[in-house]
Amino acid sequence: MFYVLVPIEPGLLDHQEENIQKGSITCCKECCERCVGSLPWASLIATILLYMGVALFCGCGHEALSGTVTILQNYFEVIRAPGGVLDVFTIIDILKYIIYGLAAGFFVFGVLLLVEGFFTTGAIRDLYGEFKITACGRCLTAFLMVLAYLFFLVWLGVTAFTSLPVFMYYNVWSMCKNATSVEGANLCLDLRQFGAVTISEERKVCMGSEKFLNMCDSNELDLTFHLFVCALAGAGAAVIAMVHFLMALAANWGYLKDASRMQKYEDIKSKEEQELHDIHSTRSKERLNAYT
């Protein structure tokens, strides 16, 4: 057995390695472009903003309500009513349960809208077919758009409602900060003005009293006020996220409407071409039969 040694050019191996590297870079580039093109960026940004806003509102709102209970019990000496009487503490508990429901509900709603955005994106649509162009797909997009509009109105109401405790705590916080400049003034915080207690009950704290000074020096007031401010910011972020979702859903609806018309046009066109082909085939057969 004989072996033949073939000389290899010095730059041949380097050239092959360079081609392999270029091929791998091109493959990675195409893969990245495919992944980036398949992401619904509008729905993804809106989902992240929605989750951040809902998490900020629910977390800060829950802790702010707990701080409110502490302030009412320690400095205004408000006690929980026995039995099933509707008082301020029962209302705070109801608000906490509403917060739990908002957190769970909008987590599911955000997932639904994100999935809808994925199925509307071109790359995923080409992979799974033209489901979104069907009547069922268009109805789904329209239903989500109506639902997003209703939730947008809900979050507007939540934002307006959250601004009320922010305003009330800002007044109390301002009184504490300006207590030294208005020394001698007979200013009081009466819970009957805020609707926290009934008219027959008298739960108030006046400036200069020991309870008022202790409340101003404590961390509960300052922390609760800033927690309500953060909850208000979270509600505003959720409103902006719902606006983003409405814009994305409206754009998807317009795309689906145009795509549906284009699909109908293609179906009619292909049907006409098939009919013309059948007519030509029939005439050709007739001519051939007549000739034979």
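**View 1. The whole chain and its elements.** Helices and strands here are DSSP runs, with at least four residues for a helix (H or I) and at least two for a strand (E), numbered from the N terminus. By that count, this predicted model holds eight helices and two strands. Following the sequence, you will meet them in the pattern α-α-α-α-α-β-α-β-α-α. The protein has 292 residues, and 31% of them count as buried. The views below move from the main pocket to the surface, and then to the charged pairs.

**View 2. The largest pocket and its centre.** Here we look into the largest pocket, whose volume is about 1000 Å³. Its lining is made up of 43 residues. Which of them lie nearest the centre? They are Thr68, Val88, Ile92, Met168 and Ala196.

**View 3. Where the pocket lining comes from.** Five elements each give two or more residues to the lining of the largest pocket: helices H2 (41–75), H3 (88–120), H5 (135–177), H6 (191–194) and H8 (219–291). Helix H5 provides the largest share, with eight residues. What is the chemical make-up of this lining, in nonpolar, polar and charged residues? Nonpolar residues number 34, alongside five polar and four charged ones.

**View 4. A nonpolar patch on the surface.** Six side chains to pick out in this close-up are Phe107, Val108, Val111, Leu112, Val115 and Phe119, which make a nonpolar surface patch of about 510 Å². Leu112 is a handy residue to start from, and it is found in helix H3. Its relative accessible area is 45%, so Leu112 is partly exposed, given that this class runs between the 20% and 50% limits.

**View 5. Glu77 and Lys211, a link across the chain.** Side chains of opposite charge can pair when their charged atoms come close. The structure holds three salt bridges, and this view shows the one between Glu77 and Lys211, with the closest N and O atoms 2.5 Å apart. The pair joins distant parts of the chain, 134 residues apart: Glu77 is in the loop between H2 and H3, while Lys211 belongs to helix H7 (residues 210–217). Are the two partners buried or partly exposed? Glu77 is partly exposed at 46% relative accessible area, and Lys211 is also partly exposed, at 35%.

**View 6. The backbone at Glu77.** Staying with Glu77 in the loop between H2 and H3, we now turn from the side chain to the backbone. Most residues other than glycine have a negative phi. Glu77 is not a glycine, yet its phi is positive, at about 55°.

**View 7. Asp93 and Arg80, from helix to loop.** In this salt bridge between Asp93 and Arg80, the closest N and O atoms are 3.1 Å apart. Asp93 lies in helix H3 and Arg80 in the loop between H2 and H3, so the contact ties together parts that are 13 residues apart in sequence. Asp93 counts as partly exposed, with 28% relative accessibility. Arg80 is partly exposed too, at 43%.

**View 8. Asp190 and Arg192, a pair with one buried partner.** Asp190 forms a salt bridge with Arg192, and their closest N and O atoms are 2.9 Å apart. Which class does each partner fall into, buried or partly exposed? Because buried means under 20% relative accessible area, Asp190 counts as buried at 11%. Arg192, at 29% relative accessibility, counts as partly exposed.

How values were computed: Residues numbered from 1 in each chain as written. Predicted model: local features only at pLDDT ≥ 70, side-chain atom pairs only at ≥ 80, totals over all residues. Heavy atoms only, no water. 1 Å grid on protein atoms, 1.4 Å probe; cavity = no way out; pocket = protein on both sides within 12 Å on 5 of 7 lines; lining within 4 Å. Points joined across faces, edges and corners; volume = space filled by probe spheres on them. Nonpolar A, V, L, I, M, F, W, Y, C, P; charged D, E, K, R; others polar. Patch = residues over 30% accessible without salt bridge, like charges linked within 9 Å, V, L, I, M, F, W, Y side chains within 5 Å. Areas by Shrake-Rupley, 256 points an atom, 1.4 Å probe, with all protein chains shown as cover. Salt bridge = Lys/Arg side-chain N within 4 Å of Asp/Glu carboxyl O. Buried < 20%, exposed > 50% of the residue type's maximum accessible area, 1.4 Å probe, protein only.
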